[in-house]
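Here are some notes for someone opening this model for the first time. They are numbered so that each can be checked on its own.

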Amino acid sequence: MQVPRQQRPLQKKGARVLVIDRKKKIGFPVQCGETVTLNSLKAMGMDKGGWIRTTLKGYRMLMPNNKYIFIDEGMAILSREIFENELYERAKSSGAIYHLNEYAINIKKKDGGYRIFTSKDRVDAKYIIGADGPVSLIGNFMQAYEKRDFVVASINYAESRSGYRDYESIIFSSKYPDGYGYIFPRNDGEDNVGVVLKGKNLSASNKEFLKRYKYKKIYFTSGGLIPLNFKMRYYSKEGIMLCGDAAGLTSSVSYGGIYPAVVSGRLAGQVGAEMMDEKKKKDVFKRYDRILRKQPFFQKNGEKNHEMVYSMKDRQMNLIGELANGRSFREISIKEATIYLIRKRAFGILPRMIWMYRYTNKMTKY
Ligand SMILES: Cc1cc2nc3c(=O)[nH]c(=O)nc-3n(C[C@H](O)[C@H](O)[C@H](O)COP(=O)(O)OP(=O)(O)OC[C@H]3O[C@@H](n4cnc5c(N)ncnc54)[C@H](O)[C@@H]3O)c2cc1C
């Protein structure tokens, strides 16, 4: 998602911005479930426009026993293709130049800047914003990663089957280790469905999921990698800044990355513009790392959050399902949860319930 959001501040500062992307067509193929919270759409300044296919009242988290808990957080399902084309048009209108169907293959330092070798050409640049996704050439070149891990995910556009139209469904089960199955109902006769997981065959699990939820007519299938708990040495160094998946900013709980990618891209553009200001150049860099770490999506305890959710056994998740039994998490007090779990002698879950309560409260604020 080589975005314009970076460029506008830069152009104002007289920078020439070149976007290189290996995709032949902007926004295609889609490798995304296309869902975001309404709050984050607002924060991206993208809460009105033809890229919003559907809005929903929230999502239900289904446990292996099919019992669920509701999270009343307004959600939207986007057309990622329209969303990205909107960003592309905005970038072009502010002067960005696009080289599509062109691969960046290698980078070398050159005359205080960089030379990027691509499948078609070589380009000299003073600064680089690396938005090249989960397996980032730029991030590798910078040696930004101390540790990287991934989950894999599928996306299918399928003929609507699910009866639940007002809510998304997130399905937890040991069938989808470190992940979940998902059904995002769109109001155009199709659903976005798929699985996210680690350490299992994605295609087989995807087939199992489609069969389990009786999806027969599949119009489109794709998938990809999602960063999990990247340990970053830094997000910027010597004229290069990383954003989105290249910076490992996806949530280690929901695996959502659109919002962090859009905002971190915007920040990189703003800091980039400041870099054009000779006087400020020296300290500017550290600023990108500093402001990124202050963002609401920035995870200080990504691994712990991930552990809290994905290390639960099916029987533990089933207990939460029984406790909630279709209610919204707002209707379940910590007191009620405590009494219930003590009665069930499920002490191990209590800290997770309390964490889930706090985490969901925090997450539903942005
Ligand atoms: C199946 C799946 C479902 C998902 N569902 C959701 C969801 O519902 N909601 C959500 O918020 N997030 C979701 N995500 C995560 C989300 O898609 C990413 O976090 C988001 O796309 C990150 O944006 P980005 O710009 O950082 O990277 P990307 O969107 O990956 O964009 C990177 C761009 O760089 C280009 N590129 C890469 N390498 C090179 C190269 N060497 N040369 C030239 N171009 C290059 C690519 O072509 C691509 O256009 C999902 C991810 C997957 C895989």
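1. A salt bridge links the side chains of E303 and K147, with 3.8 Å from N to O. That distance falls within the 4 Å cut-off used for such pairs. The model is a predicted one, and this pair is best read with the domain layout in mind.

2. Three domains are assigned along the chain. Domain 1 is made of the pieces 8–34, 79–149 and 228–293, while domain 2 covers 150–223 and domain 3 covers 302–363. By these bounds K147 belongs to domain 1 and E303 to domain 3.

3. How many salt bridges does the rule find across the interface of domain 1 and domain 3? The count is 2. Across this interface there are also 6 residue pairs in polar contact, with both residues of a pair at pLDDT 80 or more. On the side of domain 1 that touches domain 3, strand β16 (residues 218–232) supplies the largest share, 3 residues. By type, the residues of that side are 3 nonpolar, 3 polar and 2 charged.

4. The centres of domain 1 and domain 3, taken over C-alpha atoms, are 38 Å apart. In the contact between them, 8 residues of domain 1 meet 8 residues of domain 3. About 590 Å² is buried between the two domains, and carbon and sulfur atoms give 47% of that area. Which residues of domain 1 lose the most area to domain 3? They are N229, S252 and V253, which together make up 69% of what the domain 1 side buries.

5. A separate feature to look at is an open sheet of 3 strands, ordered β11-β18-β17, with mixed pairing. The edges are taken by β11 (128–130) and β17 (236–237); each has a single partner strand, so one side of each has no neighbour in the sheet. Strand β17 runs antiparallel to β18 (residues 240–242), and 2 bridges join them. Within this pairing, K237 is opposite I240 of β18.

6. The loop between β1 (18–20) and β2 (35–37) deserves a look at its backbone, and P29 is found there. The peptide bond joining F28 and P29 is cis, with omega about -5°. E34 lies in the loop between β1 and β2 as well. Its phi is near 70°, a positive value in a residue other than glycine. Why do these two features merit a remark? Most peptide bonds are trans, and most residues other than glycine have a negative phi.

Key: Residues are numbered from 1 along each chain as its sequence is written. Side-chain values use heavy atoms; hydrogens and water are left out. Domain bounds come from an automatic or database domain assignment. Contact means heavy atoms within 4.5 Å. Buried area is the accessible area (1.4 Å probe) that two parts lose on being put together, summed over both. A polar contact is a pair of N or O atoms within 3.5 Å; within protein, one must be able to donate a hydrogen and the other to accept it, and residues adjacent in sequence count only if both atoms are side-chain atoms. Helices (H or I, at least four residues) and strands (E, at least two) are DSSP runs, numbered from the N terminus. Ala, Val, Leu, Ile, Met, Phe, Trp, Tyr, Cys and Pro count as nonpolar, Asp, Glu, Lys and Arg as charged, and the others, Gly among them, as polar. Two strands pair if DSSP finds at least two bridges between them.
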